[in-house]
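Student: I am new to this structure and would like a close look at one part of it. Please set that part in the context of the whole before going into detail.

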Amino acid sequence: MRLSKFFVPTLKEIPNDAVVKSHILMLRSGMIKMISAGIYAFLPLGYRVIRKISEIIREEMNAIGGQEFHLPALNPKEIWEETNRVEAFGDTLFHVKNRDYVLAPTHEEIITYLARNVVKSYKDMPQIWYQIQTKFRNEPRPRSGVIRGRQFLMKDAYSLDSSWEGLDTAYDLHDKAYRKIFDRCGLKYFVVGASSGAMGGTGSEEFMVRSEAGEDTVAYCEHCGYAANVEVAVSNVSETGREQKSEDVKEISTPGVKSIDELCSFLKIKEDQCAKSRVYISEGKPVLVLMLGNEEVNETKLGKALGGNVRPAHPEELKELTGADAGSIGPIGFNGKIIADNRLTDANNLYSGANKNDFHLAGIDLKRDVKNITYSDLRNVQPGEKCIKCGNSLEVFSAIELGHIFKLGTKYSDSMNAKFLDENGKEQPIIMGSYGIGVERVMACYIEQHNDESGLVWDKTLAPFHVHLIGLNMKKDEIVQTCDKLYIEMNKKGIEVLYDDRVDAQAGFKFKDADLLGIPLQVIVGDKKLKENKVEVKIRKTGERFDVRIGELITRVEDELK
Ligand code: ATP
Ligand code: MG
């Protein structure tokens, strides 16, 4: 491709509405252009990458027996009403004005609708149906460029089986295919599994990458691969324990003391001698939650432990329930359920609020003084704590979901009445799985992981081109002739070349653009080297440069690209 004829509107400035690396670089390198919030145009350079990712996905999906479909994005609303998902998606679902259609945010309904009409017998299964197609979601906060768009490309696959073992097989096939896809793309990813995930063991895995653009926070162990959303993650931390002698409960005046930090400095005590109290409302009833020191309550864990939704009590409710304001609340005399974090198990000689403003109690013994207390893991894992599996140090960071595999079971076939006849001629619901990958996210996450201060840094697999051929002075005939010859030869060999044949651009400008686009190999044709019958090659990733005889260039390029 000749750059003089190729539409690559690179930008020198950092666009001010972009904060995330991949977003900035995709805009600067002329790969995408924003049309409206969460709606992007892929320009020719960017679309080449999308096509390469799609091709890898296709190859691996076909390798597990997937069959490629192309399903409509415009869906009759009545099909979506069968599963109640018009309501479930709410404002995220795009409706077509004045018509009973919706724009599909995913395709379980259409797949189940098709299956209901064509899959009649156990002999018609197993099936793996997939497509790579545009999805529409009215995301409330589209951001980070194509990472969270309102229109985006998804590879979505669905498995149809007549047995639960069949579903397990399909799920495992997808798990393996996903690993191959992300490995081939050159991504560093990790897998958050069902055992630690919020799905509760129904079989679900999320493929995640570390990214500042991520909206999930995960705890991750580099050593053994343990990974879990902080909402459910656990670590190996010790209990605060019990001292030999339990003191008597004693009231202490603590004027103006509200936080654990203030309490510690006022009484010259340590944080782990304090029990922080928080009041929640669960199913309309008050619950006092005790945490060690300054630790925060993990509301997902609390909700699970109490078996329902929870919300923090309002300040007026606190006063009414305890007689005190936040900062002076404690377990002694609290009228309601009391639950404490595991780290406080049977602890004694604790300090906590006295349920009386400006007073605290010392010498609290949870075993002796707090009847009917229960214990549960209610805390957030902190960076540096020990991994529950292998004991190495945990990291905690933001991450983004690249893909998701999920055992649906009969959820959709039940609600849409998609049945088949089993070996005994009995009607059974089709057993389903669903498997998604965000194609633009793969590209953005790759860029997040492969860049430097000058721009993008592609490996051969996803690179929009393999070689960036730079003619330094295109006013000189020898240079034009050499470049044209090399360009034609490389193309013949199947090497994808972006040829900077611009006549008016200065050398420095061309070099900057080449580094920004990050194509793996740069072949530089200039006056001086040409006199020795040589060209210069630069490896973008390492910055390494060397001269190559023109006659040996193709072989050398092929070697470097291997
Ligand atoms: P998220 O939690 O990030 O919103 P999701 O759980 O809604 O993702 P799924 O419904 O499982 O995502 O969709 C499958 C895949 O589609 C995701 O793993 C992700 O890679 C991609 N995806 C989802 N929403 C978007 C979006 N708004 N923009 C771009 N890609 C998306
Ligand atoms: Mg979502």
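How many helices and strands does the protein have? After that, please take me through helix 1 and what lies around it.

Tutor: The model is a predicted one. The protein has 16 helices and 33 strands. Along the principal axes, its C-alpha atoms fill a box of roughly 95 × 70 × 50 Å. There are 562 residues, and 51% of them count as buried. The accessible surface comes to about 26,400 Å², with 48% of that area belonging to carbon and sulfur atoms. Taking contacts between residues at least 6 apart in sequence, 68% join residues at least 24 apart.

Now to the part you asked about. Helix 1 covers residues 21-28, and 7 of its 8 residues are buried, so the helix is mostly covered. The buried residues are Ser22, His23, Ile24, Leu25, Met26, Leu27 and Arg28. Their cover includes strand 1 (32-36) and strand 2 (39-42). It also includes elements with much higher residue numbers, among them helix 12 (439-449), strand 27 (451-452), strand 28 (455-456) and helix 14. After helix 1 comes Gly30, which has a positive phi, near 70 degrees.

Helix 14, one of the covering elements, spans residues 507-517. Within helix 14, Lys510, Asp513, Ala514, Asp515, Leu516 and Leu517 are buried. Helix 14 is followed by Gly518, and here too phi is positive, near 70 degrees.

The segment before helix 1 holds Met1. Met1 counts as partly exposed because its relative accessibility is 34%, which lies between the limits of 20% for buried and 50% for exposed. Leaving aside neighbours within four places in sequence, Met1 is in contact with Phe6, Phe465, Tyr487, Val497, Leu498 and Tyr499. Of these, Leu498 is 497 residues from Met1 in sequence, yet the two C-alpha atoms are 5.0 Å apart in space.

For a contrast with the covered helix, consider a place on the surface. Asp261, Glu262, Glu271 and Asp272 gather there in a patch of negative charge. Asp261 lies in helix 7 (residues 260-267), and its relative accessible area of 49% makes Asp261 partly exposed. Over the whole protein there are 77 positive and 84 negative charges, and the mean positions of the two sets are 4 Å apart.

Key
Residues are numbered from 1 along each chain as its sequence is written. Chains are lettered from A and ligands numbered from 1 in the order in which they are written. This is a predicted model: local features need pLDDT of at least 70, side-chain atom pairs count only at pLDDT 80 or more; totals for chains, interfaces and linings use all residues. Side-chain values use heavy atoms; hydrogens and water are left out. Patches are made of residues with over 30% relative accessible area and no salt bridge: like charges are joined within 9 Å, nonpolar side chains (Val, Leu, Ile, Met, Phe, Trp, Tyr) within 5 Å. Accessible areas come from the Shrake-Rupley method with a 1.4 Å probe; for residues, only the protein chains shown count as cover. A salt bridge is a side-chain nitrogen of Lys or Arg within 4 Å of a carboxyl oxygen of Asp or Glu. Lys and Arg count as positive and Asp and Glu as negative; His and the chain ends are not counted. The place of a charge is taken as NZ of Lys, CZ of Arg, CG of Asp or CD of Glu. Helices (H or I, at least four residues) and strands (E, at least two) are DSSP runs, numbered from the N terminus. Buried means under 20% relative accessible area, exposed over 50%, partly exposed in between (1.4 Å probe, protein chains only). Contact means heavy atoms within 4.5 Å.
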